[in-house]
Amino acid sequence: MAPVLQFLLAFILLLGHIGIAQGRADSAHATDKCPEELKRQLKAGEECQPHHLHLGANLELIAKIYHVTTDQIREWNGLQPDEALADRSVVWVIWSKRPGGHYERHSVRRTKRSTRSIEQGRRDTQSWYKSKGSHTNGKLLGGRQIPTGRGYVVRNPKESWGTPKTIALIQRAIHCAHAKSADLPPVVVGDISLQNGGKFGGHRSHQNGLDVDIGYVAKDRSLDGNFFRGTPETMDTERSLDVLQCFLDTGQVTHMFIDYDVQKLLYQAAKKRKMSKKDRRELFQFPRGKDAWARIRHSKGHKNHFHVRFRKPDEELALQSR
Ligand SMILES: [Zn+2]
């Protein structure tokens, strides 16, 4: 080969390497191949799994999803102790695959932690707290931060304060969703409120500890732990409907916000599982248009999560005394 050609080839290869190292080759097949070194570590039944990084991804969250440690992820991906994820588009984790074809998290521990935290939540409900004002102009006093727990991941702990009752209801609904489907990936808990409530950038409401954003369930495990846009390709509508139904089953949801296009997908799933016409009409605006009355309402910005609004505590007291 002529030296000029050799030089050119080397230059092209170098360019490719820089691209991959800086995470620009997001959809390139090169990044979808398990690194050789990691492949050699695989034991029987284990698989190499790519986790694609989205905005806001962090090591702790990924570690939680796969039930591995952040140190393991660093080791598997050759990340230096203080190296951030910012320049990467994908990290690799080792998962074990069960005979049924479902993935199982590393070292699944069956503890009573989630049950205990629900109990704790119920006890906390008795204690003093105040959700003041309205959802769009309110405050939170004596709120509780959602603790870490089994079955869910919290996107922004600093933005995840609610009334103790809100926290308990979220945990109860998530517990219910996992009981419905054994392989459900961790439910993604988005913003609730700031510690003392009040104005919350990026949200119109979420001011008094009674609103929570919940991620849809993905078809593809590499989307787990993230908010992603709900489409027929990305969304596991059956299991997303399960999660949604579990929130409704708390009996404390006044309404939810879901983009009209996503409502359509959930409506079709509800129809498929033979939810009555009356119930579908009560639940979804689809197919009657964005202004129709229903418990689930269209609202801009809810293509990648659903927004749950819980009843105000004093409304609840009013109902009880009736
Ligand atoms: Zn919201």
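Two residues are taken to be in contact when their C-beta atoms, placed from the backbone, lie within 7 Å. With that criterion in mind, the reader may follow the packing in this predicted model, beginning with one pair of helices. In helix α7, the residues Thr 237, Glu 238, Ser 240, Leu 241 and Leu 244 meet Leu 265, Leu 266, Ala 269 and Ala 270 of helix α8. Sorted by character, the residues of this contact comprise six nonpolar, two polar and one charged. Helix α7 covers residues 237–248 and helix α8 residues 260–272; the two pack at an angle of about 90°, and their axes lie 9 Å apart. Because of that angle, α7 is roughly perpendicular to α8.

The wider setting of this pair can now be given. The protein contains ten helices and 13 strands. It has 322 residues, of which 33% count as buried. Of the contacts between residues at least 6 apart in sequence, 68% join residues at least 24 apart.

Confidence varies along the chain. The protein has an average pLDDT of 79, and 74% of its residues score at least 70. Over residues 13–30 the pLDDT stays under 50, and the model has 13 contacts beyond four places in sequence for this stretch. Residues 98–127 likewise stay under a pLDDT of 50, and for them the model has 41 contacts beyond four places in sequence.

Helix α8 merits a closer view. Its 13 residues, at 1.5 Å a residue, should span 18 Å, and the separation of its end C-alpha atoms, 18 Å, agrees with this. Which residues of α8 are buried? They are Tyr 260, Val 262, Gln 263, Leu 265, Leu 266, Tyr 267 and Ala 270. An α-helix has 3.6 residues a turn, so residues three or four places apart point the same way. The buried residues of α8 pack against α7, against α9 (277–283) and against β12 (296–297).

Beyond α8 comes Lys 274, located in the loop between α8 and α9. Lys 274 is not a glycine, yet its phi is positive, at about 65°. Most residues other than glycine have a negative phi, and most peptide bonds are trans. Lys 274 counts as exposed because it has 6 C-beta neighbours inside 10 Å, the cut-off for exposure being 12 or fewer.

A positive phi also occurs at His 206, where the value is about 60° although the residue is not a glycine. His 206 sits in the loop between β9 (187–189) and β10 (211–215). Is His 206 buried or exposed? With 29 other C-beta atoms within 10 Å, His 206 is buried, since a count of 20 or more meets the criterion.

The loop between α9 and β12 contains Pro 287. The peptide bond leading from Phe 286 to Pro 287 is cis, with omega near 0°.

Attention now turns to helix α6, which comprises residues 164–180. At 1.5 Å a residue, its 17 residues should span 24 Å; the end C-alpha atoms are 25 Å apart, which agrees. Twelve of these 17 residues are buried, so α6 is largely enclosed by the rest of the structure. The buried residues are Pro 164, Lys 165, Thr 166, Ile 167, Ala 168, Leu 169, Ile 170, Gln 171, Ala 173, Ile 174, Ala 177 and His 178.

Pro 313, in helix α10 (residues 313–321), connects this account to a later part of the chain. When neighbours within four places in sequence are set aside, Pro 313 is in contact with Ser 131, Thr 163 and Lys 165. The C-alpha atom of Pro 313 is separated by 9.8 Å from that of Thr 166, although the two residues are 147 apart along the chain. Pro 313 counts as partly exposed because it has 19 C-beta neighbours inside 10 Å, where 20 or more would make a residue buried.

A further pairing across the sequence involves Val 91, which belongs to strand β2 (residues 90–97). Its C-alpha atom and that of Pro 50 are separated by 5.8 Å, with their positions 41 residues apart along the chain. Val 91 has 19 C-beta neighbours inside 10 Å and therefore counts as partly exposed.

Terms used
Residues are numbered from 1 along each chain as its sequence is written. This is a predicted model: local features need pLDDT of at least 70, side-chain atom pairs count only at pLDDT 80 or more; totals for chains, interfaces and linings use all residues. Axes are lines fitted to C-alpha atoms, for helices over the stretch in contact, and angles run from 0 to 180 degrees between N-to-C directions. Helices (H or I, at least four residues) and strands (E, at least two) are DSSP runs, numbered from the N terminus. Angles under 35 degrees count as roughly parallel, over 145 as roughly antiparallel, 65 to 115 as roughly perpendicular and the rest as oblique. Ala, Val, Leu, Ile, Met, Phe, Trp, Tyr, Cys and Pro count as nonpolar, Asp, Glu, Lys and Arg as charged, and the others, Gly among them, as polar. pLDDT is the predictor's confidence in each residue, from 0 to 100. The expected span of a helix is 1.5 Å times one less than its number of residues.
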